[in-house]
Amino acid sequence: MPIAWLILIVLAIAAVGYVLGRSRALQSAGGDSRGLHSLPVFYGTNVALKTVVPAFGLLILWLLAQPLFVNSQISDMIPESAIKEGSSRSLVMAEVRRTASGLDNAVAQGTLSETAANNADADVSELTQILKDAGQVVTSDISQPVLNAAQRYRLMNATGYTIMSFVVLFVALIGAAAGWLQTNADYRARNVVEQGVGVLLLAAASIAILTTVGIVLSLVFNTWEFFKLYPATDFFFGLTWSPSFSGRGGLSELGIIPLLWGTLYISFVALLVAVPIGLFAAIYLSEYASPRVRSVAKPMLEVLAGIPTIVYGLFALLTVGPLLLNIFGADGLGWMKAGTAVMTAGVVMGIMLIPFVSSLSDDIINAVPQAMRDGSYGLGATQSETIRQVVLPAALPGIVGAILLAASRAIGETMIVVLGAGAAARLSLNPFEAMTTVTAKIVSQLTGDADFASPEALVAFALGMTLFVLTLGLNVFALYIVRKYREQYE
Amino acid sequence: MTDASMQSPETGRHAASLTATDARTIKRAKAEKRFRTYGIVAIATGLFFLVVLFASILSQGIPAFQRTVVSVDFTLTEQQREEAESTLFKTKAYSDLFIAALNKELTERGVEVDFDDAAIERLLGKVGGTIRTFYAENPDQLGQPIEFDLAASSRVDGYFKGRVSRDTLQDSRFLQLSDLDLVDALKEAGIIKQGFNWPFITGADSGVDNPGGAGIGASVVGSFFMMMVVLVLSLPIGVAASIYLEEFAPQNKFTDLIEVNISNLAAVPSIVFGILGLAVFIQFMHLPQSAPLVGGLVLTLMTLPTIIISTRASLKAVPPSIRDAALGVGASKMQAVFHHVLPLAAPGILTGTIIGLAQALGETAPLLLIGMVGFVARGYPDGFLAGFTEPNSAMPAQIYTWAARADVGFYEKAWGGIIILLMFLLTMNIIAIILRRRFERRW
């Protein structure tokens, strides 16, 4: 991996620059650091920063821009005639990239010489056979234009990376030289370095914004593509979910309503389990429990929140599902056909959410001022009367916020429903039937299929968008309520 | 219940005495008791779920650490090897040789149960490949007797662990009732025995038809590389972002925007991060699918809010007098932060980072979207750098893969994988707690 070497070389230049900058500063002050404007360290750091920051910035930009550039160039190179019926340009491009990486690997294994890989007139079938023998996954028939495009792709990438290495090294050396030449006893190195570090800190903080922008852009862009292929009204109001992977569009019915129904139903069951248990646990812990009980029971409950969701998923699939099937299945009440059902996923998700509800409610109940309780006791109310009629109403907005946060968690939960809820999308009221959710369908539409051009894959982005908007809305609303309430008593 | 309706004149308020409790007081006392019981029941239910969860993990996962092996002395001659290598189904030839050897040994020992080659074949797992690899790696062992510990078939394994019993077994091409007599006889003879399942801990995933040979080692390595990426990226970025927000950020719209973004990102469902990773890292940047590098990048974005929130809390906990003192003796703002505040906040930051890493280690959903599922992670990466870019699985993704397979034998592996995953999480959390106890300073 030459990029790793490139990074190491730039770092080495920076280290050398640090030593040289520091010694040059000391030299210019006659070996006495008291004659310098800043501490000697800053002069060294100044050179090192000027080496590393522009070089790495350029490296990252180049790595981002080159694939875009190369792809658009190659994509223009493929003639319209090379795109088969029912295929698309992006599919052909995927094939080009696969072939190119196959050639790379074959060359790396030594089964193919570099010149043979670049030979534009090579016999296509022969080359395909070599690639297959080398264990590379290639499509059965690489066509001549695809092969040529793949060879060109390799060439452009190779030249691109070579140029990049030189340019980055050049920039690093220029930066080091500039920093070194600036260095003299009067140079305000500390101010410059601190300003630079400040900018780096700001950049790190901005990554949060970049992430959000990345999420929104990737969702919006692909959702837009999806709505070009599939009408938005059918998506939002369709009552059937039956994607077909065989036919390319047209045959699939991709209505979100059954998925949303499954999501909300399972979340509802989960909240039905989590809210009473969590709320009463929080009340007991904050109002009744002795400090000793509290110090044991609270962390124990919170362990439930620290367990990875895959564990809950397996628990639903292999423990809770069969258990419920014993009680409600054909041998018992006869309501349930299989272990995966709304009930299974809902109950397990409820267990997972108990600590969310209890911890948040606990904080909120604790934040209710003691004076309110004392007032109630003074009027002769018992402890439970105080809790029900004074503490809970006062804490209600916060508790609602906590429940909404738990609900948003339930809606976004994936592994439990993937393993525990089943795969059939249906609109039904029976909680013992298998249903599926938005998250489970995102997983099933996007795993295993590398073709992002079909509506069946793109629908996952529209589902993701819906999920994102839904959970974000719930969160913003919940945080708003919690914050507003907190200010009342502080 | 003290509703307004209860304060009707019938309660006989004027007749109350101090010595005899009236009906209403008794009722209220009962309500009080009931309410308290609800709380106790709620906590007990929560703890009960916790106990059931751990009980089912342990009871179903521990058998994964045991395996049933057939241990036989076996000699392969140079000539036999050449013959086997020249056939079309090479592993089949090896396993035929082994079966013949076992058959001979059983006859010599005079096992009293009827058996034939087919029965022996049913008892054994996929042994041919193991033998072939062994001799390919150790050609000098040819012609010498070697004691092989080879995995028994998954059903025989199940028989030893109680998953398969004589009552429930139906004759099939995998195992017949009569074979169990042979198994018992072999157990008497000490040829079939149970042992600790090292291959489960050190091995890689096997094909869908061979649950006995599946191991979690390769995916532990995959998880390790992912955590390296997460640590190397999220710790510096998270700390830098927190320092900016806590110490330098001016009060303006841009800072507010960052703050809002961080708190919202902490609540975005993990699957959405998976979509981001798929769209940006794989679709747009064409990074390799299923690579720990991509998984690490996605998990970094997920972990950042956690680390930023905990780092800010520990920066906030350092009293302002420390900063004032540093500034007072002539340090710059930057020096005050980096030389004095940061070292004092370090234990808290480290604790938060470890907890964030533990969360990332258990995260599954985003990994499914970037392709860490649906393929068999058959081996360890070739080297350190290749570890980042070669397709590999990660522990939770591997557990999911096993759980989604049809063969029941894989469920045991999935539970066993969970025990290993939880052991890693437990260790990380204990380290975090110890760090906090040992180094945290109360001001």
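User: Hi! How many residues does each chain put into the contact between chain A and chain B?
Analyst: Hello! Chain A gives 72 residues and chain B gives 67 residues. Two residues count as in contact if their C-beta atoms, placed from the backbone, lie within 7 Å. This is a predicted model: local features need pLDDT of at least 70 and side-chain atom pairs count only at pLDDT 80 or more, while totals for chains, interfaces and linings use all residues. Residues are numbered from 1 along each chain as its sequence is written, and chains are lettered from A and ligands numbered from 1 in the order in which they are written.

User: Which element supplies the largest share of chain A's side?
Analyst: That is helix α7 (residues 189–229) of chain A, with 20 residues. Helices (H or I, at least four residues) and strands (E, at least two) are DSSP runs, numbered from the N terminus.

User: And how does chain A's side of that contact divide by class?
Analyst: The side of chain A that touches chain B has 47 nonpolar, 21 polar and four charged residues. Here Ala, Val, Leu, Ile, Met, Phe, Trp, Tyr, Cys and Pro count as nonpolar, Asp, Glu, Lys and Arg as charged, and the others, Gly among them, as polar.

User: Nice. Which helix of chain B does α10(A) pack against, and at what angle?
Analyst: α10(A) packs against helix α1 (residues 23–61) of chain B at about 50°, with the axes 9 Å apart. Axes are lines fitted to C-alpha atoms, for helices over the stretch in contact, and angles run from 0 to 180 degrees between N-to-C directions. The two helices, α10(A) and α1(B), are therefore oblique to each other. On the cut-offs, angles under 35 degrees count as roughly parallel, over 145 as roughly antiparallel, 65 to 115 as roughly perpendicular and the rest as oblique.

User: Is the crossing of α10(A) and α1(B) left-handed or right-handed?
Analyst: Left-handed. That term applies if the near helix is turned anticlockwise from the far one by less than a right angle, and right-handed if clockwise.

User: Which residues make the contact there?
Analyst: From α10(A) you have A297(A), M300(A), L301(A), V303(A) and L304(A), and α1(B) answers with I43(B), G46(B), L47(B) and L50(B). By class that is eight nonpolar, one polar and no charged residues.

User: What about α10(A) and α12(A), at what angle do they pack?
Analyst: Helix α10 (residues 291–306) and helix α12 (residues 342–366), both of chain A, pack at about 125° with axes 7 Å apart. α10(A) and α12(A) are therefore oblique, and their crossing is left-handed. L301(A) and L304(A) are among the α10(A) residues that meet α12(A), where the partners include I351(A), M352(A) and F356(A). This contact has eight nonpolar, two polar and one charged residues.

User: And what angle for α1(A) with α6(A)?
Analyst: Helix α1 (residues 2–28) of chain A and helix α6 (residues 144–182) of chain A pack at about 10°, axes 9 Å apart, and are therefore roughly parallel. Their contact divides into 13 nonpolar, four polar and one charged.

User: Switching to strands: in what order do the three strands of the chain B sheet stand?
Analyst: The order is β2-β1-β3 in an open sheet, with antiparallel pairing. β2 and β3 of chain B are at the edges with a single partner strand each, so one side of each has no neighbour in the sheet. Neighbouring strands are turned by 45° against each other on average, direction ignored.

User: How many bridges join β1(B) to β2(B), and how many join β1(B) to β3(B)?
Analyst: β1(B) pairs with strand β2 (residues 146–151) of chain B over six bridges, while five join strand β1 (residues 66–74) to strand β3 (residues 192–196) of chain B. Two strands pair if DSSP finds at least two bridges between them. In β2(B), D73(B) has E147(B) as its bridge partner, and F74(B) stands opposite I146(B). On the β3(B) side, V69(B) faces K193(B).

User: Last one: which domains does chain B have?
Analyst: Chain B has domain 1 (66–207) and domain 2 (217–439); such bounds come from an automatic or database domain assignment. Their C-alpha centres lie 44 Å apart, and nine residues of domain 1 are in contact with 11 residues of domain 2 in chain B. On the domain 1 side, α8(B) gives the most, three residues.
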